[in-house]
Structure formats: C-alpha cells, structure tokens
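Could you walk me through this model in my viewer, one selection at a time? Here is a tour you can follow with the mouse in hand.

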Amino acid sequence: MIDVRRMQVLRAVVGNGSVTGAAAALGYTPSAVSQQIAALEKEAGAALLERVGRGVRPTAAGLLLTGYADTIGRQLAEAETALADLLAGRTGQLAVRYFATAGAGLVAPAVARLREAHPGVRVDLRLTADPQDPSAEVREGRADLALLVGSAELWGDGVRLTRLLDDPYLAVLPRGHRLAGRRSVRLAELAEEPFVGSEWPGPCLDAQLDACAAAGFRPGFAVQSEDYMTAQGFVAAGLGVSLVPRLGLGSRHSGVVVREVRDPVPVRVIQAVTRATAPAQPALDAFVDALKQAARAS
C-alpha cells in the first residue's frame, strides 16, 4: 500500500524542484527526504523522479502520484477545518425530542438562538416517540437530547438531567364561577368541584394529584380530556374546573377565566435529558444553554 505521508514528501520535492528545497520546506534533512522517496518508489514499483541538472523532475508515475497527493492534501486540509468546526460547535447535527407543550415555549426559541449563534448546526426536531419513557431514545443513542417532566428517580441510570423550568399549573374556571372574581385561588377551595382531566397518567398528572393531596383532597374527575384545549372547552361548557400548566395554556377559550393557584402551587418540573456517557458535543452544550435562556425568558 502506498504511504500517504510519503506522497506528500513527493509533492514537496516536485513543487520545489529539488530534494534540498523540499527538505527545507518540510523541516527534514535532505537524506531523510531521499529515504522517503526511495521507500515510496519501492511501494509504487516505479521510478518517481529523474535528475535534471542540479534538480529533479517527476517521471510519468511521479507526476501521477503528485496529482493525487495534491488532492489528498486539499482533502486533509478540509478535514482538519471541518473537524475544528465540529469540535468548536460551529457545525454538527443534533437529534432533539420534545413533548408538544414544550415546543412553542422552549424548543422554538432555543432553536432560534442556536441558529443565530451556530448557523452551521442542524437540528432534527421530532415529537417524543414514547411519551411513557421520553428518555428511551436518548439512552439508546437515537437522540442527543429529549425534554421530559419529572425527577431523576423516574428515569433511571445512564442519563443526565438538566433542570430547565418549573411550570406551574393554573386554575381554569367557567366564566361566572364563584371564584372567577379572585386574582388567585387556594387549591383547597376546588376540593368539592368536579374536575376536567387535562393530563395522561404520568408525571404531569402526578404533579396535580400530589398538590391536591397536600391540600387535603383527591380531585373527582367528571371528564377525561387529556388535552388542554379540549379541557378548556369542557370547562366553558360548565362540566367542571381544570388545572392546566402555564406552558400548555395556549389560546384561552372565551368561556373560561384563568387564575393562579396557591397553597400549594401544583408544578411540573421540565428537564432536558442527555446521555451520561455521551462524548463531549459543543453543539449539544450550546443547545442546552439556549434552552436555559428560553426557560428564563418564558
């Protein structure tokens, strides 16, 4: 097999027109250059240089290999530049998984920030494939980052969690409700109300149930909608009250009022999950920073 490094020595000899000139350009001794050319000729099975006066010129075989050496040299330079850009976070590709209500409030502004600072980084955005275990794609190496709700105890080993946002739940009440005139409501004041469910079973629903338990009651669900906008519609129709996270509120239904909740405040914790054993990725670090900035601004 032909040695690529020796091809670059040949390229230097042809470019300088002499072994001495190549040695000076490369920082070698003339003897070392001659040895490299001799070894390359042995690998090639052909003479690569011929003497002309005090210099040398390439044979047909030498000219052929010099052309390929030029191409390889350019490609190596491009590879070094591309690698430097990747290691600096200026380029790369990230696979990001998110859940719907985090999209507009967190993911979209974070991607915009990343594109502004690192326009060469591509982001593959998709909704989480498995809502019951959003960390699975990250653990299995199919995604670089996922957004999820809950604490580290829920998601096991092998992942790293970065806390982004405490997203409080708000009370959604029908217009004309006895508490609609308040600026805020105590959670216990909703104990006897029929509830309109807004969450699938999981950490988001658990955040509601835990807060209600702390307030001394378990909500009675009259309707299960598992969708925030649909829940608002059921509330507007007078079927009950609901708890909806601030990020999930979206456009408010004209038939409801929204009030802050206290004593206690139900909160879902939104976190970014990455693989604990993943090699350093500056682009990923930049995206996590962008998510943190988006969370602070939300």
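Start by selecting Gln35, which sits in helix α3, residues 30-44. Keep in mind as you look around that this is a predicted model. Is Gln35 buried or exposed? Its relative accessibility is 51%, so Gln35 counts as exposed, given that exposed means over 50%. Now add Arg6 to the selection: 29 residues separate Arg6 and Gln35 along the chain, and their C-alpha atoms are 9.7 Å apart.

Next, pick Thr59, in the loop between β2 (55-58) and α4. Thr59 has a relative accessibility of 17% and therefore counts as buried, the limit being under 20%. Which residues does Thr59 contact, leaving aside neighbours within four places in sequence? Show Ala47, Leu48, Leu49 and Glu50 as sticks, and you have them.

From there, follow helix α4, which spans residues 60-87, to Leu87. With 56% relative accessibility, Leu87 counts as exposed. Turn on the surface and colour Leu83, Leu86 and Leu87: together they make a nonpolar patch of about 290 Å².

Time to go inside. In soluble globular proteins, nonpolar side chains tend to be buried together. The largest nonpolar core here has 46 residues, and those touching the most other members are Leu145, Leu147 and Phe287. Which helix gives the most to this core? Select residues 282-297, helix α10, which contributes nine residues. A separate, second core holds 16 residues, among them Val9, Leu10, Ile37 and Ala69.

Stay a moment with Phe287 and display what surrounds it. Setting aside residues up to four places away in sequence, Phe287 touches Leu94, Val96, Ala110, Val111, Leu114 and Leu145.

Now for some rings. A pair of aromatic rings is described by the distance of the centres and the angle of the planes. How many aromatic pairs does the count give? The answer is two. For one of them, select Phe195 and Phe217: the ring centres are 6.3 Å apart and the planes meet at 45°, so this pair is tilted. Phe195 belongs to strand β8 (residues 194-197), while Phe217 is in the loop between α8 (203-214) and β9 (220-224), so the pair ties together parts that are 22 residues apart in sequence. Both Phe195 and Phe217 are buried.

Keep Phe195 and swap its partner for Phe221. This pair is edge-to-face, with 6.1 Å from centre to centre and 75° between the planes. It links distant parts of the chain, with Phe195 in strand β8 and Phe221 in strand β9, 26 residues apart. Compare the burial of the two partners: Phe195 has a relative accessible area of 0%, whereas Phe221 is partly exposed at 27%. Select Phe195, Phe217 and Phe221 together to see one aromatic cluster.

For the last stop, zoom in on Asp263 and Pro264. What kind of peptide bond joins Asp263 and Pro264? It is cis, with omega at about -5°. Pro264 lies in the loop between β11 (256-262) and β12 (267-275), and Asp263 is placed in the loop between β11 and β12 too. If you check the backbone torsions, Asp263 has phi near 55°, a positive value in a residue other than glycine. The relative accessible area of Asp263 is 46%, so Asp263 counts as partly exposed.

Terms used
Residues are numbered from 1 along each chain as its sequence is written. This is a predicted model: local features need pLDDT of at least 70, side-chain atom pairs count only at pLDDT 80 or more; totals for chains, interfaces and linings use all residues. Side-chain values use heavy atoms; hydrogens and water are left out. Patches are made of residues with over 30% relative accessible area and no salt bridge: like charges are joined within 9 Å, nonpolar side chains (Val, Leu, Ile, Met, Phe, Trp, Tyr) within 5 Å. Accessible areas come from the Shrake-Rupley method with a 1.4 Å probe; for residues, only the protein chains shown count as cover. A salt bridge is a side-chain nitrogen of Lys or Arg within 4 Å of a carboxyl oxygen of Asp or Glu. Helices (H or I, at least four residues) and strands (E, at least two) are DSSP runs, numbered from the N terminus. Buried means under 20% relative accessible area, exposed over 50%, partly exposed in between (1.4 Å probe, protein chains only). A nonpolar core is a set of buried Ala, Val, Leu, Ile, Met, Phe, Trp, Tyr and Cys residues joined through side-chain atoms within 4.5 Å. Contact means heavy atoms within 4.5 Å. Rings of Phe, Tyr and Trp (its six-membered ring) pair if their centres lie within 6.5 Å; planes under 30 degrees apart count as stacked, over 60 as edge-to-face and the rest as tilted.
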